[in-house]
Amino acid sequence: MSKRLEEFMKMNREEFDDLEPSADLWSRIEKHLPPQGEELKKKEAKTFSLGFVLRVAATVIVVMGISFGLYLRGEKKEKIDLASINPVYAQQQIQYTSLIEAKRSELKSISKTDPDLYKEFSTEIAKMDSTYKKLNNDLATSPNQERVLRAMIRNLQIQTEVLNQQLTVIEQLNKTKKEQSNETKTI
């Protein structure tokens, strides 16, 4: 059938060729097309310079870095449930912490009468407290959380013992001062 179509087209070629477009058709089409210079300008306007792309990339990297830093900071602040690790240790931690706070407030009473002694005592406690805080931070990432929790409890026990010794020293100093003042009054 394709041969028949080809033969038909060859035989009737003149009839197909009589409908050619007019000569001014192309000139009318060209009037509606934008000039060639404008096409290049439009293409140039749509392209970005390397400097612009680099600035955008740097901004994206900075924003992502800050976001990641804030995310990590938020992750660290999550508190670990000590009772889920060991309920007994969690209870001890609460008891020792409250005991330490009470003894620290007692210790603050000498800050007015003997500031040097108070400064020395509070420096020792601050060192132990920083160790406790480090252990608390390590607790979240530690593979053996119970061991770290035991170390935290031991640190609190030592803080309590040191505070007790410091308060005993203060009592003895106060007792000695009272005895000296009584002796001076009797003279």
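In the predicted model, Asp138 is partly exposed, with a relative accessibility of 30%. The side chain of Asp138 is engaged in a salt bridge with Lys134, and the closest N and O atoms of this pair are 3.1 Å apart. Both residues belong to helix α8, where a spacing of four residues places Asp138 and Lys134 about one turn of the helix apart. Lys134, at 52% relative accessibility, counts as exposed, because the cut-off for that class is over 50%. Elsewhere, salt bridges that share partners join Arg104, Asp129 and Lys133 into one network.

Within that network, Lys133 and Asp129 meet through their side chains in a salt bridge with an N to O distance of 3.6 Å. These two residues are also separated by about one helical turn, because they lie four residues apart in helix α8. Asp129 is buried, its relative accessible area being 19%; the value falls in this class because buried means under 20%. When residues up to four places away in sequence are not counted, Asp129 touches Arg104 and Gln159.

Gln159 is located in helix α9 and is buried, with a relative accessible area of 1%. Apart from neighbours within four places in sequence, the contacts of Gln159 are Ile100, Arg104, Ile125, Met128, Asp129 and Tyr132. Arg104 and Asp129 are thus among the residues in contact with Gln159, and both are members of the salt-bridge network. For Gln159 and Ile100, a separation of 59 residues along the chain corresponds to a distance of 7.2 Å between C-alpha atoms.

In total, the structure holds four salt bridges. One of the bridges links Arg28 and Asp24, whose closest N and O atoms are 3.8 Å apart. Both partners count as partly exposed: the relative accessibility is 42% for Arg28 and 40% for Asp24.

The largest nonpolar core comprises 23 residues, of which Leu107, Ile110, Phe121, Leu139, Leu149, Met152 and Ile170 touch the most other members. At least two residues of this core are supplied by each of the helices α6 (82-85), α7 (87-108), α8 (115-139) and α9 (145-186). Helix α9 gives the most, contributing nine residues. The surroundings of Leu107 may be described in further detail: with residues up to four places away in sequence not counted, Leu107 touches Tyr118, Phe121, Leu163, Gln166, Leu167 and Ile170. Among these contacts, Phe121 and Ile170 are also listed with Leu107 as core residues that touch the most other members.

Nonpolar side chains are also found on the surface. Phe48, Phe52, Val53, Val56, Val60 and Met64 form a nonpolar patch there, and together these residues have about 570 Å² of accessible area. Met64, one of the members of this patch, is situated in helix α5, which spans residues 50-76. Met64 is exposed, with a relative accessible area of 57%. By contrast, Gln159 is buried at 1%.

Note on methods: Residues numbered from 1 in each chain as written. Predicted model: local features only at pLDDT ≥ 70, side-chain atom pairs only at ≥ 80, totals over all residues. Heavy atoms only, no water. Patch = residues over 30% accessible without salt bridge, like charges linked within 9 Å, V, L, I, M, F, W, Y side chains within 5 Å. Areas by Shrake-Rupley, 256 points an atom, 1.4 Å probe, with all protein chains shown as cover. Buried < 20%, exposed > 50% of the residue type's maximum accessible area, 1.4 Å probe, protein only. Core = buried A, V, L, I, M, F, W, Y, C linked by side-chain atoms within 4.5 Å. Contact = heavy atoms within 4.5 Å.
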